[in-house]
Amino acid sequence: METFVKEFEGSVKKLQKALEKERKKLSEIENELAPVKERLIQIETELLSIHREIRENEARIKEIKNHLKRIMKKTLEAETDREIEMLERDRKRLLKELEERKEKIAKLKEEYQNLVLEENDLIKKELELEEKRHLHEERMQKYLRKIKSVLNAVEKELDRYSILK
């Protein structure tokens, strides 16, 4: 009977070590996963901010183009050189702002694309880590079931032994 108990005790210890090893791996995966999730949240916030800024700049470009159309009409209707000079100065200022806005939008779109690429890479990494986590959780469950099974077998054997006495 003693050898039987020692055998089961040894197998339970092996299973507990394996279970502890899986818990450690799971903890490592969780530690690796946390910064990935945080960065994904940051990227999402940045993407929303950039998208909003692009929309605002596009709206301002539309306003500038409409204003330029009005200036062109006024220039055609202008009667004095002074009026034409003022309208031409406004037109140059608006064209300069228009170019600046277009450049800014181009930079924002490039930044947006870079963030989307980074986000995609992080999502792939997150999925890989989630799969690993799931695998280790399954292994832990398997070890727990085996430990339970061994303990049940020991209990049955002890009950059988006590009945024989």
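A nonpolar core is a set of buried Ala, Val, Leu, Ile, Met, Phe, Trp, Tyr and Cys residues joined through side-chain atoms within 4.5 Å. In this predicted model, the largest such core has twelve residues. Ile29, Leu33, Val36, Leu40, Ile43, Leu47, Ile50 and Ile54 belong to this core, together with Leu108, Leu115, Leu122 and Leu129. Two elements each give two or more residues to the core, namely α1 (2–77) and α2 (81–164). The greatest contribution is that of α1, with eight residues.

Leu108 offers a local view of the packing. Leaving aside residues up to four places away in sequence, Leu108 touches Ile50, Ile54, Glu53 and Asn57. A second core, separate from the one just described, has eleven residues, among them Leu19, Leu26, Tyr143 and Val154.

The overall architecture can now be considered. The protein chain contains two helices and zero strands. Its radius of gyration is 35 Å, whereas the globule rule gives 15 Å for 165 residues; the chain is therefore more spread out than a compact globule. Along the principal axes, the C-alpha atoms fill a box of roughly 125 × 20 × 15 Å. Among contacts with a separation of 6 or more, 90% are between residues 24 or more positions apart.

The surface and the charges complete the description. Of the 165 residues, 25% count as buried. The exposed area of the protein chain is about 12,700 Å², of which carbon and sulfur atoms supply 52%. The chain carries 42 positive and 40 negative charges, and the mean positions of these two sets are 3 Å apart.

Conventions. Residues are numbered from 1 along each chain as its sequence is written. This is a predicted model: local features need pLDDT of at least 70, side-chain atom pairs count only at pLDDT 80 or more; totals for chains, interfaces and linings use all residues. Side-chain values use heavy atoms; hydrogens and water are left out. Helices (H or I, at least four residues) and strands (E, at least two) are DSSP runs, numbered from the N terminus. The radius of gyration is taken over C-alpha atoms; the globule rule is 2.2 Å times the number of residues to the power 0.38. Buried means under 20% relative accessible area, exposed over 50%, partly exposed in between (1.4 Å probe, protein chains only). Contact means heavy atoms within 4.5 Å. Accessible areas come from the Shrake-Rupley method with a 1.4 Å probe; for residues, only the protein chains shown count as cover. Lys and Arg count as positive and Asp and Glu as negative; His and the chain ends are not counted. The place of a charge is taken as NZ of Lys, CZ of Arg, CG of Asp or CD of Glu.
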